Amino acid sequence: MRILGIESSCDETAAAIVEDGVNILSNVVVSQIDIHSSYGGVIPEIAARSHIEAINPVINQALSDAKLSIKDIDAIAVTHTPGLVGSLLVGTLAARTIAILNSIPFYPTHHLKSHIYANWLSGNQPEFPLLAAVVSGGHTQIIYMERHDHFEIIGTTRDDAIGECFDKVAKILGLPYPGGPAIAKAAINGDPKKYHLPIPQVSDLDFSFSGIKTAVLRAVQKDLNLPITTPSHELAAKLSNQQIADFAASFQATAINILIRKLKTAAETHPAKSIVLAGGVSANQLLRTELEKAFSKTHQVCYPKPEYSTDNGAMVASAAYFSIQAGDQPTDPYSLDISPRSAIY
Ligand code: KG4
Ligand code: ZN
């Protein structure tokens, strides 16, 4: 079964064709990072307009890279939630139109589910039951899956997402957007023990990341001998390269420590065979290394290939394939709803 997967929930316009959920025939991603980085974050109106320009060329490229025509496609899957409304509208409208014009079965897909399924594209397929840490710019959740169509959110952030926290700390340190890769790069020359940042005490399997961002801000102000009223945008220019590296390394180590601790607690209470990373932050090398250290003796450890960690169409097609195998029925493309927020279903 060949599925065309379309993704436009944030700042990547992407389309891919995947056979039987695991064989990637093509994968095209046009990123808007260069456009948004000058603003220090994603501007929703600009994102939607850029998707409009990119969506048709990206879909055509995915078909031509796979040497297929639309007649060879058995199903169309598209991200319909969660995400930026204007961005979601562009991808879903394109997908609905193609589905209607060519009478192709149509499957709206949840973005976080798709991130988990990026692991099925990487050769080391997870085993059920599994625990997935969905760590992206918009979400931080621990999800327990007993089988393909079973998603149970057992932990979630009460405020910022972990990727959002990387992005905000990067901004304080004067590093570019997106903050995750910039922090990881700066941290290479830094001392992760230089600054002590507190681990938030949040009950159950929930997270809180807004406090650690404020803790970095206060530590930077203190290191520079400046009052806490100093605006954050005035700090970066005063920091030396070594200070930036040490703050980046200390923050990265603390954020990852928070995540690993919660995953260990989750693994004590849930009989998982695999521990799975998903979402943009799963590209972080230190996180992968620490996850291996914590779990490789007791669990299968899985993470997506770097190119499938951040948003792409292949993961959308893979998620749709396995939900079809589990009995999911096509949706009427004339009556699709999009939604900026929604829990995984
Ligand atoms: O999954 P994604 O592409 O988009 C969302 O669904 O949000 O994730 C983007 C997030 C951004 O916050 C970015 O800073 C973070 O993933 N990210 C990273 C790394 N690469 C991307 N965070 C930490 N380390 C990285 N290497
Ligand atoms: Zn994403």
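## Close-ups of a predicted model

**Figure 1. Helix α5 and what sits over it.** In this predicted model, the buried residues of helix α5 (residues 162-172) are Ile162, Gly163, Cys165, Phe166, Val169, Ala170 and Ile172. So what covers them? The cover includes two strands, β6 (130-135) and β7 (140-145), along with the helices α6, α7 and α8. Look just past the end of α5 and you'll find Gly174, with a positive phi of about 75°.

**Figure 2. The whole chain, before we zoom back in.** Counting up the pieces gives 11 helices and 10 strands. The C-alpha trace spans about 65 × 45 × 30 Å along its principal axes. A compact globule of 345 residues would have a radius of gyration near 20 Å, and the chain has 20 Å, so the two agree. Buried residues make up 55% of the 345. Now take the contacts with a separation of 6 or more: 73% of them are between residues 24 or more positions apart.

**Figure 3. The zinc ion and its three donor residues.** Which residues hold the zinc ion (ligand 2)? They are His111 and His115, each through NE2, and Asp311 through OD, at 2.0 to 2.1 Å. Read along the chain, the donors follow the spacing H-x3-H-x195-D. The two histidines both lie in helix α4 (residues 111-117), 4 residues apart, which is about one turn of the helix. Are these histidines buried or exposed? His111 has a relative accessible area of 7%, so it is buried. His115 has 1% relative accessibility, so it counts as buried too.

**Figure 4. Helix α2, with a bend along the way.** Try a quick sum on helix α2 (residues 44-65): at 1.5 Å a residue, its 22 residues should span 32 Å, and the end C-alpha atoms are 29 Å apart, which agrees. Where does α2 bend? The bend is at Ala54, by about 40°, and a proline, Pro57, follows within four residues. Plenty of α2 is tucked away: Ala47, Ala48, Ser50, His51, Ala54, Ile55, Val58, Ile59, Ala62 and Leu63 are buried. Covering those residues are elements including the strands β1 (2-7), β2 (12-19) and β3 (23-31), plus the helices α1 (33-37) and α3 (85-102). After α2 comes Lys67, whose phi is positive, near 55°.

**Figure 5. Gln32, a buried loop residue.** You can find Gln32 in the loop between β3 and α1. Its relative accessibility is 2%, so Gln32 counts as buried. What does Gln32 touch, apart from its neighbours within four places in sequence? Its contacts are Asp11, Thr13, Ile46, Ala47, Ser50 and His51. Two names here should ring a bell from the previous figure: Ser50 and His51 are among the buried residues of α2.

**Figure 6. Aromatic rings, in a pair and in a cluster.** The structure holds 8 aromatic pairs. Take Tyr195 and Phe247: their ring centres are 3.7 Å apart and their planes are at 5°, so this pair is stacked. The pair links distant parts of the chain, with Tyr195 in the loop between α6 (179-187) and α7 (210-223), and Phe247 in helix α8 (residues 241-269), 52 residues apart. Both Tyr195 and Phe247 are buried. Which residues do ring pairs link into a cluster? That cluster is made of Tyr117, Trp120, Phe128, Tyr321 and Phe322.

How values were computed:
Residues are numbered from 1 along each chain as its sequence is written. Chains are lettered from A and ligands numbered from 1 in the order in which they are written. This is a predicted model: local features need pLDDT of at least 70, side-chain atom pairs count only at pLDDT 80 or more; totals for chains, interfaces and linings use all residues. Side-chain values use heavy atoms; hydrogens and water are left out. Rings of Phe, Tyr and Trp (its six-membered ring) pair if their centres lie within 6.5 Å; planes under 30 degrees apart count as stacked, over 60 as edge-to-face and the rest as tilted. Buried means under 20% relative accessible area, exposed over 50%, partly exposed in between (1.4 Å probe, protein chains only). The expected span of a helix is 1.5 Å times one less than its number of residues. The bend at a residue is the angle between axes fitted to the seven residues ending there and the seven starting there. Contact means heavy atoms within 4.5 Å. Donors are N, O and S atoms within 2.8 Å of the metal (3.2 Å for Na, K and Ca); water is not among the atoms, so sites may look incomplete. The radius of gyration is taken over C-alpha atoms; the globule rule is 2.2 Å times the number of residues to the power 0.38.
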